[in-house]
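Here are my notes for a first look at this structure. Please read them with the model open beside you.

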Amino acid sequence: MLVVAWAVPALSACAADAKVAYEQSCAKCHGADGKGDTKMGKRLGAKDYSDPKVQAELKDDAALKAIKDGWKDKDGKIMMKPAEGISDNDAKALVAHMRTFKK
Ligand code: HEC
C-alpha cells in the first residue's frame with residue numbers, strides 16, 4: 001500500500017504565504033492591518049504597527065525573537081505564544097509583512 005503524506009508547512013517564506021500565515025496566526029491579536037484593534041489585541045495591549053514610531057522602535061532581531069520565543073510582559077506574563085516550528089526564514093517573512101503596515 002502506498003501512503004502519500006505530505007506536510008503542508010503552516011508558515012512558508014514567500015510573501016503571499018506570509019500574509020496568509022499572518023492572517024491565520026497573528027491577525028486575531030495584531031489585526032489584519034497591524035493596528036491591534038481587535039478584541040484580543042486591545043485586551044493584551046497590542047501596539048499599532050501602522051504607526052511609524054512603533055515601527056521604528058521595533059528592531060528586527062527583537063521581532064524575530066518575539067515570533068520564535070513568544071513575548072512576555074514585564075511581569076513575565078505570556079502575552080504572545082511562540083510560533084512553534086517556525087524557521088528563521090518564515091519568521092523573517094512575517095516581520096517583513098508586519099513592516100508593510102507602516103503608514
Ligand atoms: C494572543 C495574541 C497574539 C498573537 C496571536 C500574536 N501576537 Fe504578537 N504580540 C502580542 C502582544 C500583546 C504583543 C506586545 C505588544 C505589541 O508589541 O504589540 C506582541 C508583540 C509582537 C511583536 C513585537 C515584539 C517586540 O519586541 O516589541 C511582534 C513582532 C509580533 N508580536 C509578531 C507576531 C506575529 C508575527 C504573530 C503571528 C505568528 C503574532 N505576533 C501573534 C499578541 C499576539
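1. Start with threonine 38. Its side chain reaches the backbone oxygen of lysine 28 at 2.7 Å. A polar atom of that same threonine 38 side chain lies 2.9 Å from the backbone nitrogen of glycine 41. Bear in mind that this is a predicted model.

2. Where does threonine 38 sit? It is found in the loop between α2 and α3. Threonine 38 has a relative accessible area of 19%. The cut-off for buried is under 20%, so threonine 38 counts as buried.

3. Now turn to the metal. The iron atom of the ligand is coordinated by His30, through NE2, and by Met80, through SD. The distances are 1.9 to 2.0 Å. This pair links distant parts of the chain. Histidine 30 belongs to helix α2, residues 27-30. Methionine 80 belongs to strand β2, residues 78-80. The two are 50 residues apart.

4. Why is the arrangement around the iron atom octahedral? Six donor atoms surround the iron atom, and they subtend angles of 87 to 179°. Opposite donors must be over 155 degrees apart and all others between 65 and 115. The angles make the arrangement octahedral.

5. Are the two coordinating residues buried or exposed? Histidine 30 counts as buried, because its relative accessibility is 16%. Methionine 80, at 26%, counts as partly exposed.

6. Next, polar contacts with the ligand. A polar side-chain atom of histidine 30 lies 2.7 Å from a nitrogen atom of the ligand. The side chain of tyrosine 49 has an N or O atom 2.6 Å from a ligand oxygen. Lysine 47 takes part through its backbone: an N or O atom there lies 2.6 Å from an oxygen atom of the ligand.

7. The ligand sits in the largest pocket. Which elements give two or more residues to the shell around it? They are α2, α3 (39-44), α5 (60-69), β2 and α6 (88-99). The largest share, four residues, comes from α5. There are 20 residues around the ligand. Cys26, Cys29, His30, Tyr49 and Met80 come nearest.

8. Last, look at alanine 93 in helix α6. Alanine 93 is buried, with a relative accessible area of 10%. Compare its position with that of leucine 64. Alanine 93 and leucine 64 are 29 residues apart in sequence. In space they are 9.7 Å apart, C-alpha to C-alpha.

Technical notes: Residues are numbered from 1 along each chain as its sequence is written. This is a predicted model: local features need pLDDT of at least 70, side-chain atom pairs count only at pLDDT 80 or more; totals for chains, interfaces and linings use all residues. Side-chain values use heavy atoms; hydrogens and water are left out. Donors are N, O and S atoms within 2.8 Å of the metal (3.2 Å for Na, K and Ca); water is not among the atoms, so sites may look incomplete. Four donors count as tetrahedral if all angles lie between 85 and 135 degrees; four count as square planar and six as octahedral if opposite donors are over 155 degrees apart and all others between 65 and 115; anything else is irregular. Buried means under 20% relative accessible area, exposed over 50%, partly exposed in between (1.4 Å probe, protein chains only). A residue is near a molecule or strand if one of its heavy atoms lies within 4 Å of it. A polar contact is a pair of N or O atoms within 3.5 Å; within protein, one must be able to donate a hydrogen and the other to accept it, and residues adjacent in sequence count only if both atoms are side-chain atoms. On a 1 Å grid over the protein atoms alone, a cavity is a set of points where a 1.4 Å probe fits but cannot get out, and a pocket is an open set with protein on both sides within 12 Å along at least five of seven lines; lining residues have an atom within 4 Å of a point. A molecule sits in a cavity or pocket if more than half of its atoms lie within 2 Å of its grid points.
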